[in-house]
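Could you give me a tour of this protein? I have it open in my viewer and would like to know what to select next, and what I will find there.

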Amino acid sequence: MRVVIRALRELYADTPAAEFGPLALKAARQKWVKDGRSRTECNRRAGLIKRIFKWAASEELVSSTVYHSLVTITGLQKGRTLAPETNPVCPVDDAVVDATLPFLNRYVRGLVEFQRLTGCRPGEACAVRRCDIDMSGSVWLYRPTRHKNAWRGKPRTIAIGPRAQEVLKPFFTPNPDDYLFSPRRAVEEQLADRTAQRKTPRYPSHMRRNAEKRAAKPKRLLAETYDRGSYGLAIDRASERAFPPPAPLSQCDGETRAAWWNRLSSQQRDEVKSWWKEHRWHPNQLRHAFATIVRKQHGLEAAQVLLGHTRADVTQVYAERNEQLAATVAAMIG
């Protein structure tokens with residue numbers, strides 16, 4: 001919303017809202033096209049502008065005719081615009097995930113494994129608590145209190161099989177309301193492990209000085225649970241360590257990140273960014289991989305139920321088609 005409003009202020013700061021029409025919206029959209037934004041992103045931002053004026057019309061800040069005139073604008077169509085297309089989200093290969101796991105702490109590893117086995121959304125995996133899980137049956141049922149379609153009044157139930165149960169059990173705490181995947185507990189374990197491996201003794205003067213530093217400049221409080229941003233950032237950093245760029249683009253031993261980045265030329269930096277883009281993956285790709293496997297082995301309806309989709313056409317966005325099956329059938333009848 002802030003990005004969209006900023007663009008409207010840059011282009012039409014002195015224009016009354018009542019005079020904002022379809023041509024003005026098209027001009028704002030064309031600006032995003034010139035900036036190199038993708039077609040879907042341009043359409044998304046244009047839709048946000050329509051939502052802004054829909055709210056304004058409902059509050060009688062502008063006439064409803066202003067909003068209805070904006071609704072007449074259709075989105076940019078594929079192949080009929082200069083806006084680039086985005087690559088579809090593809091499933092992540094198991095070998096790539098396995099190579100990244102050693103560079104994650106055990107809490108983020110648990111998140112990844114839990115998502116691989118259940119196909120839930122990243123936000124649903126981050127928010128899992130013992131109190132939200134029905135353990136009465138052989139297959140546990142996880143009902144998150146917050147999920148994507150909660151505002152629509154739709155329930156969400158995630159089935160947790162035996163393998164996923166074994167992933168969760170090491171993270172159980174005495175308090176059932178605790179989030180199982182907690183960055184606060186991850187840091188506490190890391191500090192405790194560092195203290196246990198400490199070689200030099202802790203002198204009272206050092207302890208007193210450290211206490212004074214903490215009192216003068218307290219650290220930011222750690223969150224009780226990961227969110228989609230921190231979860232994705234942890235995977236990005238682990239991917240960089242698991243798949244470093246080849247020499248001479250890679251970071252040398254003993255070289256700080258700032259010194260390494262300053263050593264690279266602008267062309268080399270672009271090459272490093274391209275390397276990262278090719279070798280990074282994000283948590284939602286685990287959901288796509290799960291959907292593809294379920295669809296291949298058990299059909300589209302099973303994938304739809306496990307992903308929590310109301311319509312099968314939404315599931316097809318996540319589950320890749322079984323092209324091998326199509327080739328086998330074509331070889332038999334074609």
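Here is a short tour with three stops: a helix, a sheet and a pocket. Keep in mind that this is a predicted model.

**Stop one: a helix.** Select residues 39-58, which make up helix α3. At 1.5 Å a residue, its 20 residues should span 28 Å, and the end C-alpha atoms are 29 Å apart, so the two values agree. Now colour the buried residues of α3, among them Cys 42, Leu 48, Ile 49 and Phe 53. Charged-looking names turn up on that list too, including Arg 39, Arg 45 and Lys 50. What covers these buried residues? Show α1 (2-12), α2 (22-34) and α4 (64-71), which are part of the cover. Just after α3, click on Glu 60, where phi is positive, at about 60°.

**Stop two: a sheet.** Next, look for three strands in the order β1-β2-β3, forming an open sheet with antiparallel pairing. Select β1 (133-134) and β3 (158-160): they stand at the edges with a single partner strand each, so one side of each has no neighbour in the sheet. Then add β2 (residues 140-142), which is joined to β3 by three bridges. To see one pairing, pick Leu 141 and its bridge partner in β3, Ala 159.

**Stop three: the largest pocket.** This pocket holds about 860 Å³ of space. Of its 19 lining residues, select the closest to the centre: Leu 191, Arg 194, Arg 202, Arg 214 and Lys 219. Helices α9 (183-196) and α10 (204-216) each give two or more residues to the lining, and α9 has the largest share, with seven. Colour the lining by class to find five nonpolar, four polar and 10 charged residues.

Terms used
Residues are numbered from 1 along each chain as its sequence is written. This is a predicted model: local features need pLDDT of at least 70, side-chain atom pairs count only at pLDDT 80 or more; totals for chains, interfaces and linings use all residues. Side-chain values use heavy atoms; hydrogens and water are left out. On a 1 Å grid over the protein atoms alone, a cavity is a set of points where a 1.4 Å probe fits but cannot get out, and a pocket is an open set with protein on both sides within 12 Å along at least five of seven lines; lining residues have an atom within 4 Å of a point. Grid points are joined across faces, edges and corners, and a volume is the space filled by probe spheres set on the points. Helices (H or I, at least four residues) and strands (E, at least two) are DSSP runs, numbered from the N terminus. Ala, Val, Leu, Ile, Met, Phe, Trp, Tyr, Cys and Pro count as nonpolar, Asp, Glu, Lys and Arg as charged, and the others, Gly among them, as polar. Two strands pair if DSSP finds at least two bridges between them. The expected span of a helix is 1.5 Å times one less than its number of residues. Buried means under 20% relative accessible area, exposed over 50%, partly exposed in between (1.4 Å probe, protein chains only). Contact means heavy atoms within 4.5 Å.
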